[in-house]
Each structure stands twice: as structure tokens, then as C-alpha cells.
Amino acid sequence: MVREVQPNIYIIEVPLPGNPLTCLNSYLIKGKKRNLLIDTGLNHEECKKAMLEGLASLNVKLEETEIFVTHMHVDHSGLIPVLANDLTKVYCSNLDAHLINCCVPNCTGTSEFLNEMQKLLLMHGFPLGEVYQAIYEHPAREHNMGKVQLFHIVRENDLLQVGDYKFKCVGTPGHSPGHMCLYEINEKFLICGDHILDEIIPTVKITKWSANPLGNYLDSLDKIAEMDISFALPAHGKTINNVKARVNELRQHHEIRLNEVLGILGDKSRMNAYQVASKITWDVEYASWEQLPVLLKYFAGCVAASYLIYLCNQNMARKIDSEEVIYFELI
Ligand SMILES: [Zn+2]
């Protein structure tokens, strides 16, 4: 489905098979000579079909269209090589461009990104069998672009002109290490990727490429709360009309979770992220941690680790680096 959300800005709804987010809002901005497409969908036939039909219904030619990727996740980046040719500019932050290419399988069939995630999961106490299964089921394994892509790197405050719109690049690390939004400087709206979403809490997970992802995320929330934003166009779900209120809700969510994690840590002498994750009250339909599908355990464990690392940075907890697994305890 395609609809106009602002003059010459269209949402192309791209279904996301097998993904609980169900659908991606890809934004197509029509320019005078060149168009800009923001985020692409998975490397999957259904996504490709919806995207190509959406572009055709808008009379948009791919040869006249550049691509901007808000962040590395496969539901945003997977379809790039289907849409881009050698002359297409594919804009992305330096770090997430690197990470997107890190997800491309190497000659052994695995990828640098997933190898590093595997090491992290083991360090944070995941059982070996669950590590292998989570990596096997990881969407970055199945839906990545399949080949290395040349990116046009954008940096903070870079300007992109599309038709009458002038967008400023705003780095918002947290949801991914190099997440980037686009701020329209005259109309004052933000195309915000997954940085803030309406009704959904964007995940903030550990990776090798960020030392304190939750700290980065909360700073990025502060950053956009200080900007003059009339509304935000997210990559999933509805337009956010009150950005400051949504930022406050997200901050509160993380404060509540951080307190919960402190309480969990207070009950025991030391715990690893996997153990802490198993005690957090996740908003899921499963009765117990044991029943959670392994991919949800993966997300939960990576989020729990980002809370624990944040608490260490706040001097409220400390890491105990034993030989193989990292444990945490209260200070
Ligand atoms: Zn994402």
C-alpha cells in the first residue's frame, strides 16, 4: 500500500514476513530530478514485490532514485542491491555501512557480525545450544543483502536536498551503533527510522561496536527532545505527533527497567546477563523464560546486557570478568 503523508512524501508499506513488526514504512520523496527512498525492507521476495509495485504506482524510476538507510538492521537494509545499481548513491552512516557489510556471509557461510554476536552471547552466559540456534535463526543471516555494497557515507549535519525539502543528518546511536535520522530544516519534521516508535519500544542491544548502547540511546533521546520537531515519521507504526511526550515515555520505560534490573541484581551476589534476562518481566505472551523462543531470548539477553553495562557506567554495578563469562554485581 502507498499513501502520501506530506506533499511529495509517500509511505510504501513493505510487509516483513516472519517479523513481529509486520511491516516497514519505507519513505519515498519525489524530487525534481532525483528521488530519495528511505529504508528498503528485507532481502525477501515479498518485500521486493511490494517495493517495486509501490515505486511503479508512483511512476518512480530506480535510475532516478537514491537510497538512504537509517540503520544496519536487515528490515531496513536487506533490499539495497535489488534497488541500487552502480550509479545509485546509497547514503548511510559510516559505522552502520560497515556493519551492513559485516553481515554479508563470508566464504565459510557465516559473517563477521554474527561471529562477534556469538562471542558476546557466550560471554554473557548463554548456553551453547541456544547460542548456535539464535545465530542460525538470526534475521541478519537469512535476509542480508548477500553482497558487499559501496555506500555514500553521511555524517552529522550533512545536508541532502530532495525537491523542495532540505534534510539534515542527525546521528542517533543506540538502537544501532550508527543509527541516523533525517531532519527537515524548514518544515521541522524528523524521519526517525527506529530511534523512536509509537507504541513499540525500540530495542537497545549490545554489539561489539558500541561500548554503552543504552547510554548512547538515552543521549540520542535527549538530543531529539531538545530539537524543534513538529512530528516524526517512523520506520514502523504511526506518525508521532508529540515527539517530546513519546521521548518521555521511552525514558520512563528504561528507568523502570533499570530499577527492575537493580532489584534483580540485589537478590543475588552476582549474575550474568542471561540470568538477569530470565528474571525481567518482558512484555511477551509466554508464561515463562523457558518457553520463550530462542530468538526472543537472544533479544532479551542482549537488551539485559545493555542495561547491565549502563549500570556499570553509572557506577551502580560492576563487571566481574571471570575467565569465560562476565558476571555483574551491585556496588
Ligand atoms: Zn531496527
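## Contacts and the model

Two residues are in contact if their C-beta atoms, placed from the backbone, lie within 7 Å. Keep that in mind for the helices below. The structure here is a predicted model.

## The sheet

Strands of a sheet pair through backbone hydrogen bonds, either parallel or antiparallel. In this model, 7 strands form an open sheet with mixed pairing. Their order is β1-β2-β3-β4-β5-β6-β7. The edges are β1 (2-6) and β7 (152-154). Each has a single partner strand, so one side of each is left without a neighbour in the sheet. On average, neighbouring strands are turned by 30 degrees against each other, direction ignored.

Look at the β7 edge. Strand β6 (residues 90-93) runs parallel to β7, and 3 bridges join the two. S93 has V154 in β7 as its bridge partner.

## Helices across the sheet

Helix α1 covers residues 45-57. It lies across β1, β2 (9-15) and β3 (23-29). Its direction is at about 155 degrees to β2.

Helix α4 (residues 94-102) lies across β6 and β7. Here the angle to β6 is about 105 degrees.

## A covered helix

How many of the 9 residues of α4 are buried? The number is 7, so α4 is mostly covered, taking buried to mean that 20 or more other C-beta atoms lie within 10 Å of a residue's own. The buried residues are L95, D96, A97, L99, I100, N101 and C102.

What covers them? The cover includes two helices, α2 (74-77) and α5 (112-123), along with strands β6 and β7.

Definitions and conventions. Residues numbered from 1 in each chain as written. Predicted model: local features only at pLDDT ≥ 70, side-chain atom pairs only at ≥ 80, totals over all residues. Pairing = 2+ DSSP bridges. Helix = DSSP H or I, 4+ residues; strand = E, 2+ residues; numbered from the N terminus. Axes fitted to C-alpha atoms, helices over the stretch in contact; angles between N-to-C directions. Buried ≥ 20, exposed ≤ 12 C-beta atoms within 10 Å, placed from the backbone.
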